[in-house]
Amino acid sequence: MTFIDFINFHIVPGVVLGSIYAVGAIGITMVFGILRFAHLAHGDLATMGAFIALSTMGLFGASPWVGLPVAMIFAAAIAVGIDKTFYDYLRDRPKILTVMASLGVALMLRSVVQVVWGVDSTTYQRGIVRPDEYFGILLRDRELYTLLAVATIVIGLEAFLRKSKWGKAMRAMSDNPDLARLSGVDNRHVTMLTWAIVGALCAAAGFLLGLNNELNSMMGWHLLLPMFAAAILGGVGRVEGALLGGLIVGIAEELSVLILPGQYKAATAFVILLLILLVRPRGLLNGKVL
Amino acid sequence: MSALLSMQAVRGGYGDADILQGVSITVAPREIVVIVGPNGAGKSTAMKAVFGLLHVRGGQILFDGDDITGWAPNRIVKRGVCYVPQVDNVFREMTVHENFEMGAFLRKGDLDAAYDRVYGLFPDLRAKRKALAGDLSGGQRQMVAMGRALMLDPKLLLLDEPTAGLSPKYMEQIFTITRDVRDSGVSIMLVEQHAKQALAFCDRGYVLATGANRHEGTGAALLADREVAQMFLGG
Amino acid sequence: MELIGLANYAIFMGILIGIYALLALGLNIQWGLTGLFNAGIAGFFAVGAYASAIITSPHVAGRVGGFELPIVVGWMGAIVFAGLIAWPIGKVCLRFRSDYLAIATIGVAEIIRLVIKSEDWLTGSSRGITGIPRPFGELDYVASQLAYLGLVIAAVAVVYFLLERQLKSPWGRMMRAIRDNEAAAAAMGKQIEARRLQAFIFGAAVMGLAGALFVHFNRSITPEAIDPMIATFLIWIMLILGGSGNNRGAILGAIVIWLLWSVSEMITDRLPTDVALQAKYIRIFVVGLALQLVLRFRPEGILPEEQARQTAR
Ligand SMILES: Nc1ncnc2c1ncn2[C@@H]1O[C@H](COP(=O)(O)OP(=O)(O)O)[C@@H](O)[C@H]1O
Ligand SMILES: [Mg+2]
């Protein structure tokens with residue numbers, strides 16, 4: 001295998017997959033950091049987003065990309081609604097109960113997808129797409145657009161968190177919740193804003209995975225482990241960390257086929273998760289440990 | 001001179017037990033009031049009572065003409081009271097300037113004057129405005145914490161042991177700044193471990209023990225009191 | 001005729017309820033007693049099932065096994081292997097809040113599922129393992145079922161009494177103290193980790209035993225026999241509804257939830273096929289919703305834990 005083949009067969013798919021993981025992991029790290037619990041319904045919310053985009057596309061008969069913003073908006077609303085209905089009343093009880101509630105929500109979201117859209121796999125677009133060559137690197141259009149979309153999302157989110165008043169309030173809440181409250185930040189607003197952003201990110205992750213792979217009712221559940229591995233690897237609460245972690249997990253999964261049978265790709269994330277918890281639980285960029 | 005803050009026989013605690021068993025403290029406008037007392041006396045708890053972080057079961061807290069007993073901290077902040085907790089009092093992963101911005105979270109309009117004021121009080125921080133608060137030294141971190149609280153332009157500033165763990169040099173500096181803040185028109189309620197130094201520089205002082213008032217008076221009077229000296233000032 | 005059919009069905013249900021009660025008791029050790037969030041119950045159950053199956057089943061070309069060891073050895077194997085899988089996971093994750101354990105146990109259950117599906121030499125992959133001996137299998141049908149029910153009840157009783165004894169011992173009191181008081185727990189440090197690890201492994205071992213009981217009852221096992229999320233979830237609801245921290249609550253929860261689950265299955269099975277599939281997923285939705293409702297309106301369960309508690313869990 002030449003070097004360029006290695007890049008094209010392992011690194012390119014790894015970066016594409018990893019950037020999708022990153023979008024999901026950023027949401028996980030935000031919930032972990034600001035609301036302080038592991039959100040187990042994250043993957044199934046992504047599934048829901050992917051299917052909403054599918055229906056939108058069917059409705060307008062257009063490119064799947066029109067489905068992305070619609071799905072992001074719907075998923076944001078769903079996430080806020082889920083919080084109000086199922087998580088909010090557990091606010092003052094031990095956080096682990098919210099984790100449990102989120103596992104129940106995962107199951108509920110998935111069964112809604114299964115009832116509404118069925119259990120069979122589907123895709124946004126049929127047919128084989130040939131990749132184009134850019135300086136020897138083979139990229140399909142959808143892969144290129146995926147990378148662009150992820151870059152846009154990450155840059156936009158970073159700008160929001162660094163520059164805007166409410167973005168700073170979210171960071172403050174993640175950093176020191178008591179002091180944020182003493183400074184007059186309303187916890188409920190930050191919580192709602194966080195869920196809106198996280199829901200939108202979920203939908204984006206689900207859409208991009210569906211675009212580069214396929215859609216089925218279990219797709220999001222299988223995203224859960226790599227997303228958590230990425231978030232913890234990068235450092236809980238760190239957006240840049242989740243991006244880095246996502247890319248590492250994605251590339252590691254694509255490289256794992258060199259030494260492991262293909263069906264164990266999914267085990268890579270698990271191994272990374274256990275290793276990072278063992279040697280550096282704060283993650284690469286020194287995040288939080290709950 | 002009518003009091004800005006007046007706690008009258010306040011009782012209350014975190015759970016069912018009353019930690020405060022009748023605490024009365026007044027702070028006049030432009031006054032530095034120091035609270036001293038042994039560890040666990042309820043000094044921090046008294047301060048939290050003012051800020052609405054405690055379940056107050058008896059007594060009254062009046063501030064600037066309002067009965068603020070039982071108000072939520074949010075509302076008290078807006079009324080003009082700011083609080084610097086004893087620990088975890090900065091946003092470590094945010095820059096010095098962002099800490100100040102968070103301090104002004106509730107404020108609308110032009111903040112240039114407010115920034116000028118805090119950077120004027122803490123000139124060392126001007127050069128460090130882009131540094132993460134968590135990376136600063138303990139003394140500078142304490143200044144960031146005070147600056148954050150001053151951004152709202154409070155009438156009353158509550159400082160819980162701002163000099164804990166600081167070198168004497170920084171302690172002097174914090175006291176000097178506290179006086180400057182007072183001179184800019186802010187009343188200050190200060191909890192201190194370093195009783196001797198604090199009583200020497202304050203306007204008036206209170207000695208708390210086991211959740212109740214024990215002594216009160218001007219700093220000089222308390223320093224001269226033999227009983228106070230024996231109990232809290234190490235002879 | 002009707003009556004005998006009904007009796008047979010009752011025995012069948014009794015056996016499954018017993019197996020679920022064991023799982024709920026295992027979870028009670030981890031969650032109810034220690035506050036550990038295991039979201040991969042099905043994984044430990046499957047390890048127990050396959051371990052005992054491999055140890056006791058006859059030889060098949062291309063697959064490890066053919067040991068045909070006594071069933072008791074199979075059960076021991078199930079207990080040991082389930083505990084062995086729990087050990088490293090607990091070792092890594094129990095230093096942190098239980099969120100991390102939840103994620104890791106989801107992961108380990110997923111990997112166990114992958115191994116079962118793809119490692120032909122070990123698990124027979126999709127063909128599974130057949131010819132697994134059943135205690136009292138040589139008796140005629142009703143007697144054999146009844147005897148097996150007796151066996152399951154005995155297993156539940158033994159685990160129940162062991163647990164009750166532990167609960168009342170200093171060990172049990174300490175576990176509860178750890179669970180209810182994070183600060184005290186943190187102060188006790190290393191020792192707590194060891195205790196938590198014991199509880200996690202002990203619970204997993206009980207789940208492995210339940211797997212073994214299941215596999216010898218069915219006489220065969222395939223990857224489809226266990227739907228990881230549903231199984232895990234049902235057991236969670238059993239425990240929470242029954243009353244976490246209370247062993248009798250765990251058993252009661254298993255009875256109530258399994259009866260509801262089976263009755264609702266009978267109903268959905270009678271629906272015309274085109275809606276039956278949807279009804280199946282709606283049923284799962286209801287399970288998820290039921291958990292939310294219990295958490296909200298009856299967090300202490302039907303039979304609350306006996307000691308008055310400071311913080312409701
Ligand atoms: N968050 C809390 N919850 C319960 N009890 C507390 C809390 N904080 C302090 N206490 C108790 O209140 C008493 C007074 O504490 P504190 O006001 O912090 O004392 P001081 O600041 O004078 O050293 C102590 O007995 C302490 O244990
Ligand atoms: Mg104190």
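Student: Why are Phe37(C) and Trp236(C) called buried or exposed?

Tutor: Both residues are buried in this predicted model. Buried means under 20% relative accessible area, so each of the two falls below that cut-off.

Student: What makes Phe37(C) and Trp236(C) an aromatic pair?

Tutor: Their ring centres lie 4.8 Å apart. The limit for a pair is 6.5 Å, so they qualify.

Student: Why is the pair called tilted?

Tutor: Look at the angle between the planes, 40°. Under 30 degrees would be stacked and over 60 edge-to-face, so this pair counts as tilted. Phe37(C) sits in the loop between helix H1 (2–32) and helix H2 (41–56) of chain C, and Trp236(C) in helix H10 (residues 228–242), so the pair ties together parts 199 residues apart in sequence.

Student: How many aromatic pairs does the structure hold over all chains?

Tutor: There are 24. Rings can also gather in a cluster: Phe32(A), Phe228(A), Phe96(C) and Tyr100(C) form one.

Student: What makes Arg283(C) a charge over the ring of Trp261(C)?

Tutor: The charged end of Arg283(C) is 3.8 Å from the ring centre. The distance limit is 6 Å, and the charge must also lie within 35 degrees of the ring normal. Arg283(C) is listed as sitting over the ring of Trp261(C). Arg134(C) sits over the ring of Tyr148(C) too, with 5.2 Å to its centre.

Student: How do you know that Arg238(A) and Glu93(B) form a salt bridge?

Tutor: Take the closest N and O atoms: they are 3.9 Å apart. The cut-off is 4 Å, so the pair counts.

Student: Which parts does this bridge between Arg238(A) and Glu93(B) join?

Tutor: Arg238(A) lies in the loop between helix H9 (219–234) and H10 of chain A. Glu93(B) lies in the loop between E6 and H3 of chain B, so the pair joins two chains.

Student: Why is Glu93(B) called partly exposed?

Tutor: Its relative accessibility is 37%. Partly exposed runs between 20% and 50%, so Glu93(B) belongs there.

Student: What makes Arg79(B) and Asp66(B) a salt bridge?

Tutor: The N to O distance is 2.5 Å. That is within 4 Å, so the test is passed. Arg79(B) is in helix H2 (residues 73–79) of chain B and Asp66(B) in strand E5 (residues 66–67), so the pair ties together parts 13 residues apart in sequence. Both belong to a network of salt bridges with Asp64(B) and Lys155(B).

Student: Why do Arg97(C) and Asp99(C) get different burial labels?

Tutor: Arg97(C) has 23% relative accessibility, so it counts as partly exposed. Asp99(C) has 0%, so it is buried. The line between the labels is 20%. The two form a salt bridge, with the closest N and O atoms 2.9 Å apart.

Student: How many salt bridges does the search find over all chains?

Tutor: It finds 24.

Student: How do you know that Ser44(B) and Gln86(B) are donors of the magnesium ion (ligand 2)?

Tutor: Check the atoms, OG of Ser44(B) and OE1 of Gln86(B). They lie 2.0 to 2.7 Å from the ion. The cut-off is 2.8 Å, so both count. Ser44(B) is in helix H1 (residues 43–50) of chain B, and Gln86(B) is in the loop between strand E6 (81–84) and helix H3 (96–103), 42 residues apart.

Student: Why is Ser44(B) called buried?

Tutor: Its relative accessibility is 17%. That is under 20%, so the label is buried. Gln86(B), at 34%, counts as partly exposed.

Student: What makes Phe135(A) exposed?

Tutor: Its relative accessible area is 86%. Exposed means over 50%, so Phe135(A) fits. Phe135(A) lies in the loop between strand E1 (132–134) and strand E2 (137–139) of chain A. Its phi is near 50°, a positive value in a residue other than glycine.

Student: Why can Val257(A) belong to a surface patch?

Tutor: Patch residues need over 30% relative accessible area, and Val257(A) has 32%, so it clears the bar. Its partners in the nonpolar patch are Met1(A), Phe9(A), Leu258(A), Ile259(A) and Leu260(A). Together the patch has about 640 Å² of accessible area.

Key. Residues are numbered from 1 along each chain as its sequence is written. Chains are lettered from A and ligands numbered from 1 in the order in which they are written. This is a predicted model: local features need pLDDT of at least 70, side-chain atom pairs count only at pLDDT 80 or more; totals for chains, interfaces and linings use all residues. Side-chain values use heavy atoms; hydrogens and water are left out. Patches are made of residues with over 30% relative accessible area and no salt bridge: like charges are joined within 9 Å, nonpolar side chains (Val, Leu, Ile, Met, Phe, Trp, Tyr) within 5 Å. Accessible areas come from the Shrake-Rupley method with a 1.4 Å probe; for residues, only the protein chains shown count as cover. A salt bridge is a side-chain nitrogen of Lys or Arg within 4 Å of a carboxyl oxygen of Asp or Glu. Buried means under 20% relative accessible area, exposed over 50%, partly exposed in between (1.4 Å probe, protein chains only). Donors are N, O and S atoms within 2.8 Å of the metal (3.2 Å for Na, K and Ca); water is not among the atoms, so sites may look incomplete. Helices (H or I, at least four residues) and strands (E, at least two) are DSSP runs, numbered from the N terminus. Rings of Phe, Tyr and Trp (its six-membered ring) pair if their centres lie within 6.5 Å; planes under 30 degrees apart count as stacked, over 60 as edge-to-face and the rest as tilted.
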